[in-house]
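Open the model in your viewer and keep the selection panel at hand. The stops below say what to select next and what is there.

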Amino acid sequence: MKLGKILSAILALAIILNFNGCSKKETGPIKIGVLLPLTGSKANFGEMEKNSFELAKEKINKAGGINGRQLQFIYEDDTGKPDVGRAGAEKLITVNKVPLITGGYSSSVTFAAAAVAQQYKVPFLVNTGSVDKITEPEAFNLTTKDGDKFYIYRLNPPVSEYASGLETLLSEVVKPKTVFIIHESTAFGTKGAKSFKKSAEKLGIKVLGVQSYSEGTVDFKPLLMNVWKKRPDVIYMISYVMDAAMLMKQARELGVKPKLFVGAGAGFTMPEFKANAGPASERVVSATLWHQTLPIKGAKEYFDNYIKKYGGNGPDYHGAEAYSAALVVADVLKRCNGDYSKENIKKALDATDMMTPFGPVKFTSYGKKIHQNKMRTYVVQWINGELKLVWPKNLANAKFEYPINWNKVWK
Amino acid sequence: MKDINLKFFTITKYEQIIILLTIIIPLLFYDSPYMQGLFIFIMMWVVLGSSWNLLAGYTGQVSFGHAAYFGIGAYAAGLPFMHWGISPWWGLLTGGITAVVLGYLLGIVVFKLRGPYFALGTLATAEILRIIFGQEEWLTNGHNGILYVTTWVDKYPYYFIIWAIALATVFSVKALMKSKAGFYFLSIREDEDAAKAIGINTHKYKNISMAVSTFWAGTAGAFYMIYMGFIDPEVVFALHNISIITILVGIIGGVGTIWGPAVGAIIMVLVQELFRSAFFGLAPQWISKVHALVFGLLVIFVILYMAGGVVGDWDLIVKKFRKFRLKKATK
Amino acid sequence: MEMVLQSLVSGLLIGGLYAILGIGMTLIMGVLKIINLAHGQILMVSMYITWTLWYYLGIDPYLSIFISVPVIFFLAEAISKYLLNPLIEKESILPENQVLMTVGIGMVLVELARSIFTSDYRSVRTAYSDKVWHLGKISISFPLFVAFAFSLVLTAAMFYLLMKTDLGRSIRAASQDKIAATLMGISSEKITIFTYGLGSALIAAAGSVFLPVYYLYPDVGPLFTIKAFVITILGGMGSTIGAIAGGLVLGIAETFGATYISQGYRDAFGLFIFLVVLVFLPGGLKRFTKV
């Protein structure tokens, strides 16, 4: 019977899928899962991170791998959607049987995937997803004392701390009285706006308003007119790269001239921002998590190797996060002494204390968060078409251009 | 096996086989939560596709905005949890009802419209809801979404819940279509003015169709909240990923057939997942990059060569296949 | 006052751009009686053609109209001939099969673009990209003004074509009553194929003049598809004048809504107007303009 044939085929598939994790040899490569958006609208960032993971893998394996065994990354495409990300994490855990997942790009996808990892008790080393709650055990019905039950670790700072480096620049040099906050209406944007509002109030800067817009807006002029009507000293923007460019272009057209335009990382540090905004990108300041000229060992080397291998303008902090996550993974696995069980890897993660091209990595607890790598952030500025590190002063490779004569800069 | 005759409809022996298979097959994959997850998604799309099919395929009101009801169902489960800590599980009851209320209210506007205007009207309402739910943070937590730590790690309970909902949806459509109402639905689809002329209260029956359809769509939304544990407006009110995919599920399987959307759901989920995972990692990686392309081509192919969908054109497909085999044999 | 004026100017300029998108859609909807959900994707393809010509050959985006328009015209004719028209004769339960076909076409176009160009953002930079005119305190962006002026010219040309030429009369006849038109000796098949090509060529032109103002990535389309049918309904199906009026009304409504109510709701204003028009003013502005 036909039905019998179909049934036996399904049965065979079931057997394969149920037991395909058992034939693993002890000498084969160690497989680690990576969750990234490789197709869909965020694929360009996913691609940059994947390239960086591969770059790191080559370096690690060339240097002898993990105690003699090779390292292998299994990529799962989350397509930028939380439900696919969830299914992808599940596949990595149950089909590929990886003992550790890393990656995690957009906040909502990372969060959904983190819930899966937590349920299966598989360690998840997040390297980009930035909403605060990812490393807050409270969101997973745990408390900050449950470190041994909490499987999420994060290499990158949460979005609320993106601007910490910027805060000192504002309070020590610019000393603005007022600020207006513009943000994209996404989880990243709203959370970032909220936390910057808090820090501004802490610094005694008056927040004149907070206004959101949807991604892909063509005409920002109404928004900018409303902002400029209030004459803020600083305009703070949380935007992705092309919205960022459109905002600056139209601000220039309207003649919006505050003391300083500040971007909250994300899009403002990317080469595409300058390419599209042109002269309007000049003297714009942005918080950033990383810059290739930072005096961190390996930063420049990573940046150059990336360009050598993949060409293009080179990676930004997203790539550095991924590259460093791969190095952390290798370090953690080396400290496992041959026992690559989930629990052992978790213990090794807890003990992590190392230097990466992205900065020092150590998972600590503070406030509501645990397993969070605490980092300082930096400030960059577009000066004569180049992105320069201007703050903190002792690390800077260019002088912070301030005050700014917009009439001259924009011409 | 024999057909089982119930008061409102019959369960044919084929349907009994299907029901049995949908119990047995997932049980075979007892050690693969990943596959179980896929089965859950298939069942969820069966619910959405069938609910759309009742309104569009049988009643002729082609909704391009089913995400509105799916989304409102999801938020009906999520909002009480977020604000007052009430378990989202209640959403399985309230989600459907909330969606019916919304459907009735929107119906006041969109049922004034016909054909492509109806399609556009429903599309616009879903988009407006998406924007409102993203903007009104005090009510919905905006784009930060609602998070709920799911009740079980094990997938079987979820599977059998959505399996029961899917069966209920399909058989409720079947029962309706066997009843007098079903006959009225069809006459509205074929010619609304003629239906009105012979004394059918078209407005009433369109609303009945809408109510049943939105009820199941809302229930599916509530299930999504419970199962996924995370929703935000861009996910549950999505134009492409919910509204359009719902229609494609119906089209691929067969519009205006009882089991069409179910078949469409299986094809949609499996084709997407096979390509996305590069045939479970057996094929080269680049294949995963084209999963959306393949799905688009599949849609074009089905519409061009199987206008009735896989179920609607089943006889035709079988015939062609036989001819093909015959040709091969004679060579 | 200054803000009102600036809003008005911004809205008008954006509205001009919307108008070209709208004219393309209104022709297609009027004659083929389908919602073209691949509208934005065709805009995207045209923008990629423009970008490629600029990036590799250094051709000015405005000049590339002469290439993008014919290319898209023939592409759209092929789509219409081989993918949309065959569906007319096919028996199917729902008349929306063609609409869903456009969904499939749109998906394929986006994914093809993604596999060729990746998901990276692209933009063109020309000498006039940042040019701004100042009228008192009102600022006018030069490329946006060009897009606006261009849309006026294009509309005038379309109007002439539809009103004064035989071809135009055939198109209008087909859009009013297909059967009667066929009886009068108009080949409705040819007209539908031509109209889809023409409507798409208009979008192609819009894509080329729009690229210097905006930017480009594979998923750029859907936002503009929605704008285009909002305009079509606002203006009335098949009405060129209606589409222009609709485009301008939408542009101004969005801008004023964004200025005085909320930027976050910007995209909802158009949809809301759209629903109101659908329900309370079926036929749109065409009811007043009659053409």
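**Stop 1: chain C against chain B**

Select chains C and B of this predicted model. Two residue pairs are in polar contact across the interface of chain C and chain B, both residues of each pair being at pLDDT 80 or more. The elements of chain C that give two or more residues to this side are α3 (65-84), α4 (86-89), α5 (97-117), α10 and α12. Colour α5(C) next: the largest share of the side touching chain B, 11 residues, comes from that helix. By class, this side of chain C has 29 nonpolar, five polar and five charged residues.

How many salt bridges are there between chain C and chain B? The count is zero.

To see the full contact, select 39 residues from chain C and 42 residues from chain B. The area buried between the two chains is about 3,500 Å², and carbon and sulfur atoms give 83% of that area. Show Leu100(C), Met107(C) and Tyr265(C) as sticks; these residues of chain C lose the most area to chain B, together 17% of what that side buries.

**Stop 2: a pair inside α5(C)**

Stay on helix α5 of chain C and select Glu111(C) and Arg114(C), which lie three residues apart, about one turn of the helix. The two form a salt bridge, with the closest N and O atoms 3.4 Å apart. Both Arg114(C) and Glu111(C) are buried.

**Stop 3: chain B by itself**

Hide the other chains. Chain B has 17 helices and four strands. The radius of gyration of chain B is 20 Å, close to the 20 Å that the globule rule gives for 331 residues, so chain B is as compact as a globular protein of that length. Along the principal axes, the C-alpha atoms of chain B fill a box of roughly 70 × 55 × 40 Å. Buried residues make up 61% of the 331 residues in the chain. Of the contacts in chain B between residues at least 6 apart in sequence, 75% join residues at least 24 apart.

Now select Glu127(B) and Arg130(B). They are three residues apart in helix α5 (residues 115-135) of chain B, so about one helical turn separates them. Their salt bridge has its closest N and O atoms 3.0 Å apart. Are these two residues buried or exposed? Glu127(B) has a relative accessible area of 6% and is buried. Arg130(B), at 18%, is also buried, because the cut-off for buried is under 20%.

**Stop 4: chain C against chain A**

Bring back chains A and C. The contact takes 33 residues from chain C and 32 residues from chain A. About 2,900 Å² is buried between these chains, with carbon and sulfur atoms giving 55%. Tyr121(C), Tyr215(C) and Gln263(C) supply 22% of the area that chain C buries against chain A, more than any other three residues.

Here 10 residue pairs are in polar contact, both residues of each pair at pLDDT 80 or more. The largest share of the side of chain C that touches chain A, five residues, comes from α1(C). That side has 12 nonpolar, 13 polar and eight charged residues.

Which residues form the one salt bridge between chain C and chain A? Select Asp219(A) and Arg266(C): their side chains meet at 3.8 Å, N to O.

**Stop 5: Asp267(C)**

Move to Asp267(C), in helix α12 of chain C. This residue is partly exposed, with a relative accessible area of 21%. Setting aside neighbours within four places in sequence, Asp267(C) is in contact with Ser214(A), Ile131(B), Leu223(C) and Lys227(C). The side chains of Asp267(C) and Lys227(C) make a polar contact at 2.9 Å.

**Stop 6: Thr102(A)**

Finish in chain A by selecting Thr102(A), in strand β3 (residues 101-103). At 0% relative accessibility, Thr102(A) counts as buried. The Thr102(A) side chain reaches the backbone oxygen of Leu125(A) at 2.9 Å. Beyond the neighbours within four places in sequence, its contacts include Ile32(A), Phe53(A), Phe124(A), Asn127(A) and Val329(A).

Methods. Residues are numbered from 1 along each chain as its sequence is written. Chains are lettered from A and ligands numbered from 1 in the order in which they are written. Side-chain values use heavy atoms; hydrogens and water are left out. Buried means under 20% relative accessible area, exposed over 50%, partly exposed in between (1.4 Å probe, protein chains only). A polar contact is a pair of N or O atoms within 3.5 Å; within protein, one must be able to donate a hydrogen and the other to accept it, and residues adjacent in sequence count only if both atoms are side-chain atoms. Contact means heavy atoms within 4.5 Å. Buried area is the accessible area (1.4 Å probe) that two parts lose on being put together, summed over both. A salt bridge is a side-chain nitrogen of Lys or Arg within 4 Å of a carboxyl oxygen of Asp or Glu. Ala, Val, Leu, Ile, Met, Phe, Trp, Tyr, Cys and Pro count as nonpolar, Asp, Glu, Lys and Arg as charged, and the others, Gly among them, as polar. The radius of gyration is taken over C-alpha atoms; the globule rule is 2.2 Å times the number of residues to the power 0.38.
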